[in-house]
Amino acid sequence: MGNFFRHNNWNFLIKNHAVRWNFYYLTLMTIVCLILAFYTNWILGMILLVIAFVGIWISVHQLRRLVVDTEEYINNLTYQVQRGQQEALLEMPIGMVMLNKNGIVSWINPYMARYFQFEHIVGKPLDQADEELAKLIEKHRHDKGPVVVSWRDHRFEFLVQDRYHVCYLLDVTKYEQISERYRHEQIFLGNIYLDNYIELTQGMSDSAVSNLHNYVTSELSHWAKDNHLLLRVINEDNYFVIGHYQSLIELEKQKFKILDVIRENTSKQNSPVTLSVGIAYGQSDLIKLADMAQRNLDLALGRGGDQVVVREEDQRARFYGGRTNPMEKRTRVRARMISQALQELMTQADQVFVMGHSNPDMDSLGACLGIRRIAEMNGHECWIVLDKEKVHSDIARLMMEINDYQSIRDRIITPDEAISKATDSSLLVMVDHSKPSMSISPQLYERLADRTIIIDHHRRGEEFPENPLLVYIEPYASSTCELITEMFEYQPRESESLNKLEATAMLTGIQIDTKSFTQQAGTRTFDAASYLRSAGADGLMIQYFMKENVHSFMERNHLIATAQFLNNDKMALCAGEDDRVYDPVIVAQAADTLLQMDGIDASFVIAKRANGKVGISARSMGNVNVQIIMEKMGGGGHLANAATQIDGKSVSEVKEDLIRLLTTNDQIENETEKEQQQ
């Protein structure tokens with residue numbers, strides 16, 4: 001009995017809480033019964049003592065058998081579990097590689113050995129056995145979860161447990177192929193619009209119009225067939241296209257050459273046709289997909305046409321084309337319709353607010369003065385929102401002249417005053433910009449986001465108000481002042497028209513934006529300038545506004561002195577110091593000056609701004625699309641005039657980024673308009 005109590009099995013058994021307390025209970029009851037029996041009759045006590053010992057011996061024997069059986073069962077179960085684990089490691093369809101701390105292969109399971117053609121690699125450094133796998137482990141060793149990687153022409157779900165020096169590879173090639181096929185067979189929808197078809201065909205004979213339409217349709221049909229697309233004609237200048245995402249990938253690789261083909265071939269016939277295309281994908285709802293495609297087409301047209309906008313739902317747009325200057329195709333009918341719509345919206349508002357972009361120039365403030373005058377001519381109250389503390393020298397001179405015009409001076413308010421005056425029935429007109437973040441008061445835009453009108457001559461960017469009441473964006477216009485000047489023709493005749501100061505400010509805006517009528521100046525530009533001159537615009541006052549102080553002159557020359565030349569000396573780049581702030585107007589003037597140098601096709605000037613950001617002003621003669629370059633750096637603008645602002649980087653870092661982009665960017669092509677016509 002003593003040996004039994006000392007046996008490990010017994011020790012194991014009494015560790016069980018329930019058995020232990022049952023044993024104590026039975027022992028206590030036996031002792032109590034024996035005491036009572038001896039107390040009553042010692043003979044009875046002896047009999048019960050014998051019975052107790054016999055019972056205890058039988059119980060102990062049964063308990064010992066129970067313990068032995070239990071231990072045998074547990075041992076068998078443990079063996080089966082361990083054997084199952086070993087077989088799982090050897091047979092499971094997951095590759096395992098175990099390494100030691102020095103990166104030497106300690107063990108691989110048989111499933112993994114198949115990928116090494118059962119070559120003996122245990123004991124070898126992994127980077128010698130398979131360099132690609134070693135790089136994958138090093139790259140993903142700190143990942144928190146599995147990732148999908150490519151290795152040995154297979155796709156694997158890859159997980160590294162760096163703490164245990166083990167990596168796991170689950171072959172998911174089949175599932176990835178199914179997933180990839182699903183992605184490639186997703187539907188995309190596209191709208192194709194002939195930008196200038198109506199304008200081109202107005203003076204053509206019926207046979208010439210038919211030939212032109214047949215050529216464009218035939219070219220598009222061949223293009224669609226070659227790329228496995230379905231093309232349908234909606235009307236004479238609109239087409240609908242549908243295809244799979246796989247085809248869209250190929251079209252993007254080709255950079256939509258169909259735009260260049262049609263433009264160049266029709267140019268040889270003196271009827272250059274340009275296309276705008278909006279493509280959308282990534283949405284299973286076809287109605288929403290069609291709506292996205294239309295919005296992308298609107299974006300392409302708002303940027304001047306002759307380009308493709310491709311966008312997946314909730315992703316950034318991708319742009320192709322847009323290398324040529326947009327052709328002037330706006331009509332006076334459109335100007336009249338916009339003017340009438342503007343008057344109607346003003347009538348429905350209790351008051352009108354007009355504001356330009358931050359750090360306003362003459363075109364921005366001149367346009368504000370024009371809108372204020374139009375509102376006054378129609379009997380509506382209009383406030384010009386301006387931060388007088390952040391203006392350049394030309395605007396400061398204009399403000400001094402405005403002090404002599406009380407009716408204008410009293411209508412210029414600060415952004416804070418505008419926010420306090422605004423009501424739910426107020427109307428906001430954004431001029432010379434369409435990005436709310438560029439506004440003098442983004443907070444005022446947020447207050448009147450659903451009551452906003454946009455009048456601008458810059459290409460439309462991705463950042464755009466969601467629900468504007470009216471949009472008048474004409475990228476082929478010289479300036480916003482030109483667009484607003486045309487509206488005066490359709491205002492009430494009995495009202496007081498532009499005064500001398502307003503006409504002078506607006507003409508100054510046109511003159512500055514066109515570089516004294518040498519760039520982007522069409523016939524409509526000169527018509528607008530003629531109207532403003534007849535309204536009293538003063539040439540001497542324009543010269544006064546455009547004067548430059550000595551400090552600005554010296555700073556501009558300092559920037560120009562830092563010029564370096566890239567791409568066979570066809571591009572000039574200047575950069576200010578990291579700790580020196582430059583006025584953005586001076587930076588823009590430096591870019592314009594560089595462009596006047598012989599052989600320079602494009603100029604870029606980088607400098608730190610007062611807001612802590614780094615600004616870039618980009619200019620070109622038209623054969624380098626600086627808009628695309630600036631968009632890649634987060635900005636935008638025109639083909640020949642663009643800019644951007646970058647936060648979180650120094651001037652030298654931005655300079656390095658720009659040089660890298662200029663020397664590798666395949667969009668930088670010396671394609672002059674003359675060469676394209678040829």
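**Packing and pairing in a predicted model**

Analyst: In this predicted model, helix H7 (residues 131-140) packs through its buried residues against strand S1 (95-99), helix H5 (110-113), helix H6 (126-129), strand S3 (147-151), strand S4 (154-161) and strand S5 (166-171).

User: Which residues of H7 are buried, and how do you know that they line one face of the helix?

Analyst: The buried residues are Leu-133, Ala-134, Leu-136, Ile-137 and His-140. Viewed along the axis of H7, they fall within an arc of 160°, so they line one face. An α-helix has 3.6 residues a turn, so residues three or four places apart point the same way. On the face turned away from that buried side, H7 carries the exposed residues Lys-135 and Lys-139.

User: What makes Asp-130 a cap of H7?

Analyst: A side-chain oxygen of Asp-130 lies 3.2 Å from the backbone nitrogen of Glu-132, at the N-terminal end of H7. The cut-off for a polar contact is an N or O pair within 3.5 Å, and the distance of 3.2 Å meets that cut-off.

User: Why is Asn-265 called partly exposed?

Analyst: Asn-265, in helix H12 (residues 258-267), has a relative accessible area of 29%. Buried requires under 20% and exposed over 50%; the value of 29% lies in between, so Asn-265 is partly exposed.

User: How do you know that the side chains of Asn-265 and Tyr-215 make a polar contact?

Analyst: The distance for this side-chain pair is 2.7 Å, which satisfies the limit of 3.5 Å. In sequence the two residues are 50 apart, and their C-alpha atoms are 9.6 Å apart in space. Leaving aside residues up to four places away in sequence, Asn-265 touches Tyr-215 and Glu-219.

User: What makes S19 and S20 a pair of strands, and in which sense do they run?

Analyst: Pairing requires at least two bridges. Strand S19 (residues 571-575) and strand S20 (residues 602-608) are joined by five bridges, and they run parallel. In one of these, Ala-572 has Ser-603 of S20 as its partner.

User: Why is the pairing in the six-stranded sheet called mixed?

Analyst: The sheet is open, with the order S18-S19-S20-S21-S23-S22. S19 and S20 run parallel, whereas S20 and S21 pair in the antiparallel sense over seven bridges. S21 and strand S23 (residues 641-646) are also antiparallel, with six bridges. The sheet thus holds parallel and antiparallel pairs. Its edge strands, S18 (564-566) and S22 (636-637), each pair on one side only.

User: What connects S20 to S21, and which residues stand opposite one another at Ala-607 and Arg-619?

Analyst: S20 and S21 form a hairpin with five residues between them, and Gly-612 in the turn has a positive phi of about 90°. Ala-607 has Gly-615 of S21 as its bridge partner, and Arg-619 stands opposite Asn-641 in S23.

User: How do you know that S21 is largely enclosed?

Analyst: Seven of its seven residues are buried, so the rest of the structure largely encloses S21. Val-614, Ile-616, Ala-618 and Ser-620 point one way, Gly-615, Ser-617 and Arg-619 the other, and all are buried. Helix H25 (residues 584-595) lies across S19, S20 and S21 (614-620), at about 155° to S20.

User: How confident is the predictor in the chain as a whole, in terms of pLDDT?

Analyst: The average pLDDT is 84, and 89% of the residues score at least 70. Over residues 1-15 the pLDDT is below 50, with 23 contacts beyond near neighbours in sequence. Residues 666-678 also have a pLDDT below 50, with 30 such contacts.

How values were computed
Residues are numbered from 1 along each chain as its sequence is written. This is a predicted model: local features need pLDDT of at least 70, side-chain atom pairs count only at pLDDT 80 or more; totals for chains, interfaces and linings use all residues. Side-chain values use heavy atoms; hydrogens and water are left out. Helices (H or I, at least four residues) and strands (E, at least two) are DSSP runs, numbered from the N terminus. Contact means heavy atoms within 4.5 Å. Axes are lines fitted to C-alpha atoms, for helices over the stretch in contact, and angles run from 0 to 180 degrees between N-to-C directions. pLDDT is the predictor's confidence in each residue, from 0 to 100. Buried means under 20% relative accessible area, exposed over 50%, partly exposed in between (1.4 Å probe, protein chains only). The arc is that of the directions from the helix axis to the C-beta atoms. A polar contact is a pair of N or O atoms within 3.5 Å; within protein, one must be able to donate a hydrogen and the other to accept it, and residues adjacent in sequence count only if both atoms are side-chain atoms.
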